[in-house]
Amino acid sequence: METQKTALYNYHESLGAKFMPFAGYEMPVQYPYGIIEEHKITRSNAGLFDVSHMGQLLIEGNEDLAIELEKIIPTDLKTIKLNQSKYSFLTNEDGGIYDDLIVTKVKKGFSIILNAACKNNDFKIIKTALGNKFMITLHKNLSLIALQGPKSSEILEKNINGVLSLKFMNGNKFTYKDQDIYITRSGYTGEDGFEISIPNNLVEDFAKKLITQGVKPIGLGARDTLRLEAGLCLYGHDINESTTPIEANLKWAISKRRRKEGGFVGYSKIKSDMNGQLTRLRVGVKPEGKIIAREGVKIFSKDDQEIGSITSGTFGPSVNSPIAMGYVKYNFSKPNTKIILEVRGKKYGAKIYELPFYKKSYAR
Amino acid sequence: MSNKKFSKQHEWVSVEGDVATIGITKHAAEMLGDIVFVELPEKGKNVEKEGQAGVVESTKAASDVYTPISGEVVESNQSIVDDPSKINSDPENEGWFFKLKIKNKSEIDTLMNEEEYNKFAKESNN
């Protein structure tokens with residue numbers, strides 16, 4: 001398959017981006033000032049991310065649609081308020097995760113943001129589950145950009161009147177240059193911020209405007225260090241088709257009613273995970289010293305028993321130390337449990353760490 | 001003009017008498033991005049030309065560091081282990097990796113000079 005480019009590709013290039021292939025797209029991994037600086041800018045100021053590779057799906061319908069969608073997405077779609085967003089999943093028969101997603105109730109039905117690598121498969125799964133009753137569109141003419149960081153609300157408000165009043169995980173329709181855009185207060189960095197769905201023909205103009213007002217472009221490299229510090233999962237690494245939301249420590253994302261009533265794909269496995277003894281759990285891992293434990297690194301107990309492995313790991317610029325996530329046997333999942341990591345054949349000390357590594361301080 | 005020599009794996013070598021100082025080039029440091037971890041060979045270890053002699057890790061990935069010539073490690077730079085960002089800020093001076101007692105001086109002649117290396121780095125862009 002030919003590598004695709006987002007509508008902002010040329011603009012990224014003009015800003016000095018280094019690109020890498022990601023989920024079939026040529027995406028900016030970093031800009032000239034580098035991942036660590038980009039990370040810090042997002043934590044202290046405001047950063048702009050191009051996430052147009054992600055899928056933007058619209059399913060049109062009313063109450064019937066909510067009932068049908070609840071069969072494949074384990075969150076409250078019957079009671080969700082207009083413009084409210086929820087983090088959820090598409091689950092499989094074994095209780096594993098086909099994809100994690102953000103679903104928002106919009107006037108026409110539901111808007112769903114999907115991972116780039118999964119979006120075409122998700123489309124098929126949803127289409128199969130819903131049949132031909134509802135109109136499903138995977139948008140090709142919309143870009144998605146994320147403005148993240150403590151300064152993002154005041155900067156965005158200057159350009160789009162009214163965004164300041166959006167609450168976290170809520171959105172609304174706004175206008176930019178006479179065209180509709182949809183903005184939600186959300187993100188994946190552990191910072192306050194917004195995700196802006198905007199037509200391809202306007203996105204460069206809008207991005208340029210934010211950049212001239214002091215926002216810095218941020219690549220996928222810093223997006224990864226930011227989300228890992230915030231303890232958030234990366235699909236295909238920390239969660240996949242063989243991990244259940246319960247094992248992934250994402251039980252909070254399944255609403256109380258859905259946990260109790262079920263009625264969605266994979267519920268029997270998820271129910272038994274909730275009621276029985278879990279075999280493994282996703283945890284934070286903090287290595288001692290500077291050693292970086294990446295995906296695939298084996299985790300051992302103090303008495304040298306293999307108890308799990310790392311699913312993502314890097315250096316956390318805001319916490320100024322290496323950070324990682326992985327799965328360990330349930331008995332070893334308690335925070336501060338001492339563990340051993342095997343990196344390139346050598347053993348290093350580490351401990352289980354209560355996520356997130358970085359907590360936002362809301363002091364102003 | 002520096003008297004440094006360069007390898008295709010993007011290391012530099014600076015020779016003083018029997019001892020060679022080795023590090024990674026400015027080009028390599030730029031390509032790797034922010035370096036956050038480094039592992040160096042221990043003193044006394046014998047390393048072979050183009051053999052693995054260390055590891056550098058950026059926020060993105062881990063990469064092996066090779067030695068452009070053979071010899072016995074006589075010193076490694078603890079200061080870059082403590083502060084790996086020195087490799088990005090000053091790769092060809094303060095950010096040196098290790099020093100070798102040179103085993104075979106003729107190996108040095110197989111390496112590139114600065115002009116040749118710059119051309120190579122520009123063309124390969126990797």
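Biologist: What percentage of the 364 residues in chain A do buried residues make up?

Modeller: Buried residues account for 47% of them. Do keep in mind that this is a predicted model. Chain A has nine helices and 19 strands. Its radius of gyration is 21 Å, close to the 21 Å that the globule rule gives for 364 residues, so chain A is as compact as a globular protein of that length. Along the principal axes, its C-alpha atoms fill a box of roughly 65 × 50 × 45 Å.

Biologist: Which domains does the assignment give for chain A?

Modeller: Domain 1 takes residues 9-52 + 141-229, and domain 2 takes residues 277-364. The C-alpha centres of these two domains of chain A are 30 Å apart. Their contact takes 10 residues from domain 1 and 12 residues from domain 2. On the domain 1 side, α2 (35-44) and α7 (220-229) of chain A are the elements that give two or more residues. That side divides into two nonpolar, three polar and five charged residues.

Biologist: Let's look at α2 of chain A, then. How many of its 10 residues are buried?

Modeller: A general idea helps with any helix: an α-helix has 3.6 residues a turn, so residues three or four places apart point the same way. In this case, seven of the 10 residues of α2(A) are buried, so this helix is largely enclosed by the rest of the structure. The buried ones are A:I35, A:I36, A:E38, A:H39, A:I41, A:T42 and A:R43. Their cover includes β2 (25-30), β3 (47-50), β9 (142-148), β13 and α7 of chain A.

Biologist: Now the sheets. In what order do the six strands of the open sheet in chain A come?

Modeller: First, the general idea: strands of a sheet pair through backbone hydrogen bonds, either parallel or antiparallel. Here the order is β10-β11-β12-β9-β3-β13 of chain A, and the pairing is mixed. At the edges stand β10 (171-176) and β13 (216-218) of chain A, each with a single partner strand, so one side of each has no neighbour in the sheet. Ignoring direction, neighbouring strands of this sheet are turned by 30 degrees against each other on average. For one pairing to follow on screen, take β11 (residues 179-184) and β12 (residues 193-199) of chain A, which run antiparallel and are joined by three bridges. There, A:I183 stands opposite A:I196 in β12(A).

Biologist: And in domain 2, which residues of β14(A) point one way and which the other?

Modeller: The general idea is that in a regular strand the side chains alternate between the two faces of the sheet. In β14(A), A:R280, A:R282, A:G284 and A:K286 point one way, while A:L281, A:V283, A:V285 and A:P287 point the other way. Strand β14 (residues 280-287) of chain A is mostly covered, with eight of its eight residues buried.

Biologist: Which strands does β14(A) pair with?

Modeller: One partner is β17 (residues 321-329) of chain A, in the antiparallel sense over six bridges. In that pairing, A:L281 stands opposite A:V328. Another is β19 (residues 346-353) of chain A, also antiparallel, with four bridges. There you can find A:P287 opposite A:A350.

Biologist: What about chain B: what order do the strands of its open sheet take?

Modeller: The six strands are ordered β1-β2-β3-β9-β8-β5 in chain B, with antiparallel pairing. Strands β8 (residues 71-76) and β9 (residues 98-102) of chain B are joined by five bridges, and B:F98 is the bridge partner of B:S76.

Biologist: How many residues does each chain give to the contact between chain A and chain B?

Modeller: Nine residues come from chain B and 13 residues from chain A. On the chain B side, β4 (35-39) and β6 (52-58) each supply at least two residues. By class, that side has four nonpolar, two polar and three charged residues.

Biologist: One last topic, backbone geometry. Where is the peptide bond that is cis?

Modeller: In general, most residues other than glycine have a negative phi, and most peptide bonds are trans. Here the bond from A:L355 to A:P356 is cis, with omega near 0 degrees, and A:P356 is in the segment after β19 of chain A.

Biologist: Is A:D178, with phi near 65 degrees, buried or exposed?

Modeller: A:D178 is exposed, with 6 other C-beta atoms within 10 Å. This residue sits in the loop between β10 and β11 of chain A. A:N83 has a positive phi too, near 75 degrees, but A:N83 is partly exposed, with 19 other C-beta atoms within 10 Å.

Definitions and conventions: Residues are numbered from 1 along each chain as its sequence is written. Chains are lettered from A and ligands numbered from 1 in the order in which they are written. This is a predicted model: local features need pLDDT of at least 70, side-chain atom pairs count only at pLDDT 80 or more; totals for chains, interfaces and linings use all residues. A residue is buried if 20 or more other C-beta atoms lie within 10 Å of its own, exposed if 12 or fewer, and partly exposed in between; C-beta atoms are placed from the backbone. Two strands pair if DSSP finds at least two bridges between them. Domain bounds come from an automatic or database domain assignment. Two residues are in contact if their C-beta atoms, placed from the backbone, lie within 7 Å. Ala, Val, Leu, Ile, Met, Phe, Trp, Tyr, Cys and Pro count as nonpolar, Asp, Glu, Lys and Arg as charged, and the others, Gly among them, as polar. Axes are lines fitted to C-alpha atoms, for helices over the stretch in contact, and angles run from 0 to 180 degrees between N-to-C directions. The radius of gyration is taken over C-alpha atoms; the globule rule is 2.2 Å times the number of residues to the power 0.38.
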